[in-house]
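Work through the exercises below with the sequence and the model in view. Try each task before reading its solution.

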Amino acid sequence: MKKTLYDYKDKIKRLPLKDKYTKEELLTEDFLIEKQGNIEIYYATHNEYINPKAKVLIVGITPGFIQMNIAISTARKELESSDNIEDIQYKCKVAGRFSGPLRKNIISDSDFKDNIVDIIDFFVD
């Protein structure tokens, strides 16, 4: 069964409140979902909100550590003032979506460069 922010909120609340975390703080047993050989998968709040109005789907192996870091940092800050998990999931998606070098790479590699930024922004609006 897939675990969500409902399952991880207490672990996230135990993190110090700050803008960025190190790999040593996030790539821990608390957030480890699966390990097979040298491949490890860690939890990130980034992919829990899905825009039901989206018309384009970009599939890839994400989030990476940058997106994980931004999304968990957002969740940590939001959990200070709110228990509305669905609202926090949305805010994590907005903060982490296509962040870091991922956004630049998608835009530079796409065949539809003129429209990709509008399409990316459409995902959670």
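Two exercises follow, each with a worked solution.

This is a predicted model, where local features need pLDDT of at least 70, side-chain atom pairs count only at pLDDT 80 or more, and totals for chains, interfaces and linings use all residues. Residues are numbered from 1 along each chain as its sequence is written, and side-chain values use heavy atoms, with hydrogens and water left out.

**Exercise 1.** Describe the secondary structure of the protein chain and place Ile 41 in it.

Solution. Step one: the protein chain has 6 helices and 2 strands (DSSP runs numbered from the N terminus, helices being H or I with at least four residues and strands E with at least two). Step two: along the sequence the pattern reads α-α-β-β-α-α-α-α. Step three: Ile 41 sits in strand β2, residues 39-42.

**Exercise 2.** Is Ile 41 buried, partly exposed or exposed? How is the protein chain as a whole covered?

Solution. Step one: buried means under 20% relative accessible area, exposed over 50%, and partly exposed in between, with a 1.4 Å probe and protein chains only. Step two: Ile 41 has a relative accessible area of 45%, so Ile 41 is partly exposed. Step three: of the 125 residues of the protein chain, 34% count as buried.

Step four adds the residue classes of the lining of the second largest pocket: 9 nonpolar, 2 polar and 4 charged (nonpolar: Ala, Val, Leu, Ile, Met, Phe, Trp, Tyr, Cys and Pro; charged: Asp, Glu, Lys and Arg; polar: the others, Gly among them). Step five: β2 gives the largest share of that lining, 3 residues (a pocket is an open set of points on a 1 Å grid over the protein atoms alone, where a 1.4 Å probe fits, with protein on both sides within 12 Å along at least five of seven lines; lining residues have an atom within 4 Å of a point).
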